[in-house]
Amino acid sequence: MSPAKRALLLSLSLLLAVSALLLFAGIAGPVPGGQRAAAAAITRTPIVPGDAARAGILGDRTIRLSNLVIGPPDAQGLRQVALTVTLTNTGKRAINVRAGDFALSAEGDIFAQTSAPTPSGALTGAIAPAASRAGRLSFVVPQAAVAEATLFYHASAESPEVIQQGAGAAPAVASIPLVAAAASNGNTIEDTFTRGNQTGWGTSTNNDGVPNVAWGMDGNGGRSFVTISNNTGAFGYQGNTNAIGIASAGTATYNGGDSLVEFSMSAVGHVTPYVVQNACSSKGCYYGARLHTSKGQLEITKRSGGSTHTLVSTAFVASANTLYWMRLDVSVGASTTLSAKIWADGAPEPSGWMLTTVDNTPLAANFSGTGGSWDKTGTGESINYTCYAFATSGLAAPCASGGGGTPTPTPTGTATATATATPSSTATATPTPTQGGANSIEDTFTRGNQTGWGTSTNNDGVPNVAWGMDGNGSLAYVTIGNHFGVYGYQGATNTIGIASAGTATYSSGDSLVEFAVSAVGHVTPYVVQSACSDKSCYYGARLHTSQNVLELARRSNGTTGILATIPFTAAPNTFYWMRLDVAVSGGVATVGAKVWAAGAAEPAGWMVTVSDSNPLAANLSGTGGSWDNPGGGESIDYTCYAFATTGLATACGGVQPPPTPTPAPATPSPTPVQGITEYTLSGGVGEPWGTAVDASGNVWFAEPGCDFAPTCSASAGRGQIGEYIPSTGAVRLFMLPNISGNQPIFVAFDGAGNLWFTTPNNSMIGEFSPSTQTFIGQWPVTPGSGPWDLTFSNGKLWYTEHLVSAVGRFDPVAHTFTDFPTPSANSNPYGIVASSNLIWFTENNSSVARVAALDTSNGNAISEYLIRANPPNGLTPHMIALDAQGNPWWTEGFVSALGKLVPSQATPGQCGASSGSCVGVTEYNTPPANNGCSGSHASGIAMQISGGTTTKIWLDNALTAQVGSFNPATTAYAMLSLPKCGAHPHDGLNLDAANNVWWDEEFNNALGELVQSG
């Protein structure tokens, strides 16, 4: 069996130890297959000009952004960014807010506000439960930073020092992108309902210059229950149940398009709001997305010939007086594809469709519109629309301004974990929670290698069963290999593969599997229930990788039908959980399914669900797979199978093997350009960041699978540590432990050759052994601190705390840590390097813009050195290195320069000059790129030293896509351009022992190498 099949797992002892450590730090430990809480909920949501309904959601607060204005560039290429921020307390205790809690971030660099929020005191002080504070914030940033910018919020009132003393909760952190959009949003029809009260909806109004239309059908004024009231389009209870209600937006007909509505309901349990397309004027036909509140589900329906059919549905429970968005997309081709989603206002729009189905007998072109019905009496109830938008191409955009008098949105999202009080910074294990116990069948596949799956093994005391059908040992491609249940390619396509877990039959139950696939595009792993022994029938949840969808399938009498689908794109050598639930009651089977990446939170609701009024008979449960394209040598590798007859199956509690290398292409494809070679890192999660070179010349890298800005999305899966071996061209990848927020960013070797890494999203320090290819452990540091770059000095690990204003010291043996706050507030340290007793680091916030040194021989005192007398808004000191004389050099981010400090000439805390560079500081501007790439951001740095002399300072530029050197003797630059402007060489610049230059290409998912000649 290929080593790939062990690539992403840990031993149970390590996993449970990490869980215990996390619990001690107040962070929810990993529970594979279940919900997870993070130290700080992180949300990244687009914000467009005029869009007042985008927010970052944390456990006890929401951050709403609106009225984004981006000014033109000035003579220095700086642009003013202004926006309104509303912070709402959704918790049960008062929270504090300070103006300094907010900054902008781009490329990981931090930009402070240029003036106090307006009105004065708007974002300062305590906010009581259910109360809000709003203020206008202003920033000035380089033009190149605008497209990269995110609003960075860190609740500094709950400081790391307070948390360490056990007096506070983990600080809330949010990173919310700002996306500049054109003034026109591309809608064909748009209505904000902001007009005088009247019966009927009259003529639409909008602020985007979209031509207005007159509402027809139920909105034409002939229905007393359809009104404009307080700047909302009110659709009231019609007086009877099951009456179809549709208001048509104008008289033009359309065949397909995208519809978007924002609405709230005065009550739930009776009403069904919906948005429709292809609707007949008689209401005898339409496609609809419906929120069926009496059933607690979102539905896609088709009405034709006077009959309405629910094509597909998924669970969604709504609340009264809460704003929601609902989208219906109708795509016309040889058949019509219907897709829908719904989400709470203030939450990010789901990236994929919640429901998708195909109609092979499409409706004709007709009206678009919205409306509602009641299937239970709802006297006095109403649906209140605040935005209706329709686009014939692309996605409809939110209306530029919403109606007045709408309810304040009730936030949803991931809760922020509360930190347990810790008497000291020492990480001490606590008892591990018991896993499992509710399963009827459970298998961790931890047994000797064999053909067939044999008899199940588990550590939860669940009675073991013998695998049958394809798992009975008669098929060579179904094996146990290195503690995996391996289901290999059968040698033929479209061959149904099912291994049955025992011989007992069940009519209902819940199945859960954890698995990885060695390749995607050919294979379809699935989990089944009610399966006939001859494979002629089953209910199945299937991950169809050639079509990038999760499917609910029903097979009966030898024919398979797809009941529901939803888009889901999987990656090879990545672990996923998939759940199938079958509940038979009253002669109807309700079947639900979901899939999610291991390490991510299990989705709260079913991703797809259907009702089957002709249930399959009780039969076998199991799992397996098939291939619809040839997949020689490919396999599905199962690590957990669980089945429960009541409730939800829980994750297996069995022992998992340590991680071993995940295979990548035998030799990355080099692309020589001007002496530069790029090596694609296939098979991993992508977006490599920090690098380190070991004693053998192998290049190690952190691969988080997300772009820190300065945080990653809470939904990001776990990252990897990777190794590139130049002598063979091999790439080995090691998936991090299954812990929420486990995305590595920087790596460094200790004196024993072990690799250490930081994970800012969960504020942890980790250790990996290259010799045994195992993760030794991960230990929490101050919650919310965001450990960033790291270095070793005198046996201790030092790291910057980028999300706060401190550097940390970590004891690799005792696993204890100490924070050292910087003298300047809001310093956001970034790069770090050590020499003897001095720990040098950059203070990245543009309002601070300093280089600092911590002196371990002088009580760990920190000295800060100013760079410029009047630092510009783009001066963001970034990565740092030391020359042969111990002088620090650093890259200057958006200023795009190298800086140098001679400490003996400078005075800490003073500039010594009234303008320009401070005394002891010299800055060297990088030359213009002239390669067609836009923007500039000097990022990585490395020193080339020979015979006690610094011969070259190497650097890269993320936005100009260049790598080059600076000669300190001649002050000349020599820059080389990469083939792609979007390659994004960033912070992972390093030299190996032969002075070959290595760097990461974050957005190109590659490593780059420059072999110096001469």
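A charge is said to sit over a ring if NZ of Lys or CZ of Arg is within 6 Å of the ring centre and within 35 degrees of the ring normal. With that in mind, the charged end of Lys341 sits over the ring of Trp353, 4.6 Å from its centre, and Lys594 lies over the face of Trp606, where the distance to the ring centre is 4.7 Å.

I should say early that this is a predicted model, in which local features need pLDDT of at least 70 and side-chain atom pairs count only at pLDDT 80 or more, while totals for chains, interfaces and linings use all residues. Residues are numbered from 1 along each chain as its sequence is written, and side-chain values use heavy atoms, with hydrogens and water left out.

Now to the aromatic pairs, where rings of Phe, Tyr and Trp (its six-membered ring) pair if their centres lie within 6.5 Å, with planes under 30 degrees apart counted as stacked, over 60 as edge-to-face and the rest as tilted. The whole structure holds 53 aromatic pairs, and one of them, Phe193 with Trp215, is stacked, at 6.0 Å centre to centre and 25° between the planes. Phe193 lies in the loop between β11 and β12 and Trp215 in strand β13 (strands being DSSP runs of E, at least two residues, numbered from the N terminus), so this pair ties together parts that are 22 residues apart in sequence. Phe193 is buried, meaning under 20% relative accessible area with a 1.4 Å probe and protein chains only, and its value is 0%, while Trp215, also buried, has 4%.

How values were computed
Helix = DSSP H or I, 4+ residues; strand = E, 2+ residues; numbered from the N terminus. Buried < 20%, exposed > 50% of the residue type's maximum accessible area, 1.4 Å probe, protein only.
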